Amino acid sequence: MNIINSNTKIIVGKNSLDYLKDYKNKNILIITDKFLAHSELIDNVLKNLSENKVNLFDEVFPDPTLNTVKNALKQLLLNEIDVLIAFGGGSPIDAAKAVAYVAQKGYMRNCELIAIPTTSGTGSEVTSVAVIKDEDKHLKHLLKSELMLPKVAIIDAELTKSLPNTIVANTGMDVFTHALEAYVGKNSNIFSDALSEKAGEIVVKHLYKSYKGEEYSKEQMHYASTLAGMSFEIAGLGLNHAIAHQIGGQFGVTHGLANSLLLEKVIDYNSSNNDVMKKYVKYAVKIGLANNSMSDEKTIVLLKGFIHAIQRLMNIPQNISKCNISKEVYFSKLKK
């Protein structure tokens with residue numbers, strides 16, 4: 001039996017932020033980072049919330065910590081917040097989701113959660129999971145609860161147009177990893193497969209063009225991110241993410257880059273299972289990298305070849321030694 005929840009209302013397309021004008025006389029907390037808090041992008045949010053009391057929490061850094069969640073929670077409780085808005089990439093969204101969870105579970109404070117992604121990668125705006133870092137133990141904890149599923153996700157590609165190329169590249173590889181892992185996962189089904197196939201097709205056609213600055217491709221990648229998030233909300237993720245989270249926790253490697261580093265090796269490992277290998281082959285064909293006349297072995301080579309080529313084209317490091325991590329540091333962490 002499969003249970004598919006689609007409880008997030010998705011607002012998509014031009015002028016999507018106008019949806020916020022429906023909120024009036026609310027106590028609102030926006031959780032974001034310092035860069036976005038002082039950018040023109042947040043002005044587009046604030047102007048649509050003019051009839052509300054708006055508070056700003058801008059202490060989110062990459063890989064939000066338990067302390068970040070605690071400090072934001074204090075502000076939420078102090079100001080009796082009704083609506084919680086996550087504005088940013090995966091880190092602000094995950095932080096806000098964790099805050100919403102603790103507020104409801106621990107303090108019976110039920111806030112409406114709105115997610116507004118400004119990067120095209122995590123898909124966190126449509127999932128019930130969040131990743132929070134324990135700084136003391138250098139570990140990342142995966143939290144999962146329907147209490148963290150945003151009620152509304154606003155998908156406005158205008159917010160992504162000024163992203164640096166490095167972020168476009170790393171988050172784009174995160175999209176592909178989400179789609180691919182969900183597709184070969186044990187809990188995949190016809191619904192998650194359809195979402196993954198469309199997300200992968202978009203990545204193949206538009207990731208590099210997005211990296212090169214084409215606006216239409218940036219828009220398409222923003223949609224692909226949400227599609228892939230919807231897929232792994234149904235099917236879950238796998239080994240690639242399990243290892244990537246620990247690489248991020250131990251070495252501070254950004255999440256999309258950590259996923260990218262592992263993709264080819266994980267495909268090789270998982271392909272030792274013939275059923276999983278067949279699913280990789282099917283995926284490569286569905287997203288336009290191969291055709292049915294090719295052998296399975298050649299199709300796997302083409303799938304990995306696409307990953308390798310797109311990494312090189314976007315100047316993504318292809319092993320951890322290229323991520324400013326010395327051998328001494330690397331092996332000392334492994335011993336622990």
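Which residues of strand β8 (residues 152-155) are buried on one side, and which on the other? Val152 and Ile154 are buried on one side and Ala153 and Ile155 on the other, so both faces of the strand are covered. The model is predicted: local features need pLDDT of at least 70, side-chain atom pairs count only at pLDDT 80 or more, and totals for chains, interfaces and linings use all residues. Residues are numbered from 1 along each chain as its sequence is written, and side-chain values use heavy atoms, without hydrogens and water.

**Strand β8 and its partners**
- Buried denotes under 20% relative accessible area (1.4 Å probe, protein chains only).
- Strands are DSSP runs of E of at least two residues, numbered from the N terminus, and two strands pair if DSSP finds at least two bridges between them.
- Strand β1 (residues 9-12) pairs with β8 in the parallel sense over four bridges, with Ile11 opposite Ile154.
- Strand β5 (residues 112-117) also runs parallel to β8, joined by two bridges, and Ala115 stands opposite Ala153.

**Domains**
- UniProt, in an unreviewed entry, places the feature "domain: Alcohol dehydrogenase iron-type/glycerol dehydrogenase GldA" at residues 8-156; such annotations may be inferred rather than shown by experiment.
- An automatic or database assignment gives domain 1 (9-159) and domain 2 (165-334).

**Interface between domains 1 and 2**
- Contact (heavy atoms within 4.5 Å) involves 26 residues of domain 1 and 22 residues of domain 2.
- The two domains bury about 1900 Å² between them, 55% of it on carbon and sulfur atoms; this is the accessible area (1.4 Å probe) lost on being put together, summed over both.

Key: Buried means under 20% relative accessible area, exposed over 50%, partly exposed in between (1.4 Å probe, protein chains only).
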